[in-house]
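Biologist: I would like to learn how to read a sheet. Could you take me through one, feature by feature?

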Amino acid sequence: MFARRIAFILLALVAAAPAAAQDKLRTIASFSILGDLVENVGGDRVEVATLIGPDGNAHVYEPTPADSRRVADAKVVFVNGLGFEGWLGRLVKASGTKAAIVVASTGISPRSSASETRLGADTTDPHAWQSVANAKRYVANIRDALIKADPAGAGAYKANAMAYLASLDALDQEVRDVVAGIAPDRRRVITSHNAFGYFQDAYGVAFSAPQGVSSEAEASAKDVARIIAQIRNERISAVFLENVTDARLMQLIARETGARIGGTLYSDALTDANGPAPSYIDLIRHNVRELAAALGR
Ligand code: ZN
């Protein structure tokens, strides 16, 4: 009788304890930027594993057997969509997962790359997160998906999302203020792959790149010649490196044209905790400050 009572008390204590790791909602985010958005909305109730970590390149990613096991165990898998994760279908199938697959970019207006349309390539630009307004749409989609998967957490997810959306509004205004400080005729930039089209449309800085919207295909000699001519014709003063692509091509273009290397922009991945872009907000803030520093007179 006494032993039974002890067991009952122990059971009651376990039930009242805060959610342990194994009780958290297990989610996967395909890449680091999306993982940060899910963490901000999910807070304590959610465990987020990221398939492509800091400085990783989703365009050329090869899923591992360990990824397949993690996807199999997850309740929700968040992906960008817009053709960013070309390997996802195979991974989901191989894992046999029952997880909900949530496309975080649902509802944004996709952009296509005009120069690639001419070449007849797959032209959807997947880098929608480079506009803060689009990131807000991602956050709303993440919130709704978490509520569906874990209705008991609805209050927490709504409160987390509301606070984070307010931070994103402030970030959007900050980007506009910094860009306003750059002379309009200086708002022209070269990067290695075409990852900043949504930033261009939202904030009025023009980006060109020798590589297309996927960094998978290498730039051709013709693409490089086109960019070199453009830098000379438009008197573009700075070219930028990216954390997910090879620096050598941009170094060659800089040598060839006399344009300065303006610094590194973070396009498709966060940095680790020691780098300048360990979160989405840090990434956008770093990029716009780097642009202002290189393009200001
Ligand atoms: Zn990219």
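Modeller: Start with a pair of strands, and keep in mind that this is a predicted model. E1 and E2 are joined by six bridges and pair in the parallel sense. Within this pairing, Phe31 stands opposite Ile52 of E2.

Biologist: How does the chain cross from E1 to E2, and what is the handedness of the crossover?

Modeller: To read a crossover, follow the chain from one strand to the next. Here the path leaves E1, passes through helix H2 (residues 32–42) and arrives at E2, a β-α-β crossover that is right-handed.

Biologist: Which bridges join E1 to E3?

Modeller: Strand E1 (residues 25–31) and strand E3 (residues 76–79) run parallel, joined by three bridges. Thr27 has Val76 of E3 as its bridge partner, and Ile28 stands opposite Val77 in E3.

Biologist: What is the order of the strands in the sheet?

Modeller: The order is read across the sheet, from one strand to its neighbour. This open sheet has four strands in the order E2-E1-E3-E4, with parallel pairing. Its edge strands, each pairing on one side only, are E2 (46–52) and E4 (100–103). On average, neighbouring strands are turned by 25° against each other, direction ignored.

Biologist: Which helix packs on the sheet, and which strands are touched?

Modeller: Helix H3 (residues 65–73) packs there, touching E1, E2 and E3. The direction of H3 makes about 150° with that of E2.

Biologist: Why is E1 described as largely enclosed?

Modeller: Buried here means under 20% relative accessible area. Six of the seven residues of E1 are buried, so E1 is largely enclosed by the rest of the structure.

Conventions. Residues numbered from 1 in each chain as written. Predicted model: local features only at pLDDT ≥ 70, side-chain atom pairs only at ≥ 80, totals over all residues. Heavy atoms only, no water. Pairing = 2+ DSSP bridges. Helix = DSSP H or I, 4+ residues; strand = E, 2+ residues; numbered from the N terminus. Axes fitted to C-alpha atoms, helices over the stretch in contact; angles between N-to-C directions. Contact = heavy atoms within 4.5 Å. Buried < 20%, exposed > 50% of the residue type's maximum accessible area, 1.4 Å probe, protein only. Right-handed = clockwise from strand over helix to strand, strands pointing away.
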